[in-house]
Amino acid sequence: MGEVAVRFVGGPADGLLRELPAGPDGDPPTQWVVRHPDGDPPAGGAGPDHLYARHPRDGTGTWTMRFVRTYPLGAGE
């Protein structure tokens, strides 16, 4: 299983480009949870979870994940 580039759109990870695992068809997962979009966990450890859903590729051919909602601390597990 390889990886595929995905650009996050909206929410706290807006504009973030990240490699996600690709399925057998080469597509990214249908949903993805981003915990710390800036890479640094908040003081005290965990923070809220941000749910993104797969959308079609953008004009450059990069897959996009659109913001759906934020779950309070621990609710996304």
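Two strands count as paired here if DSSP finds at least two bridges between them. With that in hand, welcome to a predicted model whose secondary structure comes to five strands and zero helices. The five strands make up an open sheet with mixed pairing, in the order E2-E1-E5-E4-E3. A good residue to keep on screen while you read is tyrosine 52, which sits in strand E4 and belongs to an aromatic cluster with Phe8 and Phe67.

**Overall make-up**

- Read along the sequence, the pattern is β-β-β-β-β.
- The protein has 77 residues, and 23% of them count as buried.
- Among contacts with a separation of 6 or more, 35% are between residues 24 or more positions apart.

**The sheet and its edges**

- Which strands stand at the edges of the sheet? They are strand E2 (17-21) and strand E3 (31-34); each has a single partner strand, so one side of each is left without a neighbour in the sheet.
- On average, neighbouring strands of this sheet are turned by 40 degrees against each other, direction ignored.
- E1 and E2 are joined in the antiparallel sense over five bridges, and one residue to look at here is glutamate 3, whose bridge partner in E2 is proline 21.
- E1 also pairs with strand E5 (residues 63-71), this time running parallel, with four bridges between them. Across this pairing, arginine 7 stands opposite threonine 64 in E5.
- E3 and E4 form an antiparallel pair over four bridges. Glutamine 31 has alanine 53 of E4 opposite it.

**Two faces of strand E1**

- In a regular strand, side chains alternate between the two faces of the sheet.
- Strand E1 (residues 3-9) shows this alternation: Val4, Val6 and Phe8 point to one face and are buried.
- Glu3, Ala5, Arg7 and Val9 point to the other face of E1 and are not buried.

**Tyrosine 52 and its polar partners**

- Is tyrosine 52 buried or exposed? The relative accessible area of tyrosine 52 is 0%, and the cut-off for buried is under 20%, so this residue counts as buried.
- A polar atom of the tyrosine 52 side chain lies 2.7 Å from the backbone oxygen of glycine 10.
- The backbone nitrogen of alanine 13 is also placed by a polar atom of this tyrosine 52 side chain, at 3.0 Å.
- Valine 68 is 16 residues away from tyrosine 52 along the chain, and their C-alpha atoms are separated by 5.3 Å.

**The aromatic cluster**

- How many aromatic pairs does the model have? The count comes to two.
- One of them joins phenylalanine 8 and tyrosine 52: the ring centres are 5.0 Å apart and the planes stand at 85 degrees, so the pair is edge-to-face.
- Because phenylalanine 8 lies in strand E1 and tyrosine 52 in strand E4, this pair ties together parts that are 44 residues apart in sequence.
- Both phenylalanine 8 and tyrosine 52 are buried.
- Tyrosine 52 also pairs with phenylalanine 67; their ring centres are 5.5 Å apart with planes at 65 degrees, and over 60 counts as edge-to-face, so this pair gets that label.
- The pair of tyrosine 52 in strand E4 and phenylalanine 67 in strand E5 links distant parts of the chain, 15 residues apart.
- Phenylalanine 67 is partly exposed, because its relative accessible area of 32% falls between the cut-offs of 20% for buried and 50% for exposed.
- Together, Phe8, Tyr52 and Phe67 form one aromatic cluster.

**Charged side chains to inspect**

- Aspartate 49 is found in strand E4 (residues 49-55). Its relative accessibility is 1%, and the limit for buried is under 20%, so aspartate 49 counts as buried.
- Which side chain makes a polar contact with that of aspartate 49? The partner is arginine 35, and the contact spans 2.6 Å.
- Arginine 54 lies over the face of tryptophan 63, at 5.6 Å from the ring centre.

Methods. Residues are numbered from 1 along each chain as its sequence is written. This is a predicted model: local features need pLDDT of at least 70, side-chain atom pairs count only at pLDDT 80 or more; totals for chains, interfaces and linings use all residues. Side-chain values use heavy atoms; hydrogens and water are left out. Buried means under 20% relative accessible area, exposed over 50%, partly exposed in between (1.4 Å probe, protein chains only). A polar contact is a pair of N or O atoms within 3.5 Å; within protein, one must be able to donate a hydrogen and the other to accept it, and residues adjacent in sequence count only if both atoms are side-chain atoms. Axes are lines fitted to C-alpha atoms, for helices over the stretch in contact, and angles run from 0 to 180 degrees between N-to-C directions. Rings of Phe, Tyr and Trp (its six-membered ring) pair if their centres lie within 6.5 Å; planes under 30 degrees apart count as stacked, over 60 as edge-to-face and the rest as tilted. A charge sits over a ring if NZ of Lys or CZ of Arg is within 6 Å of the ring centre and within 35 degrees of the ring normal. Contact means heavy atoms within 4.5 Å.
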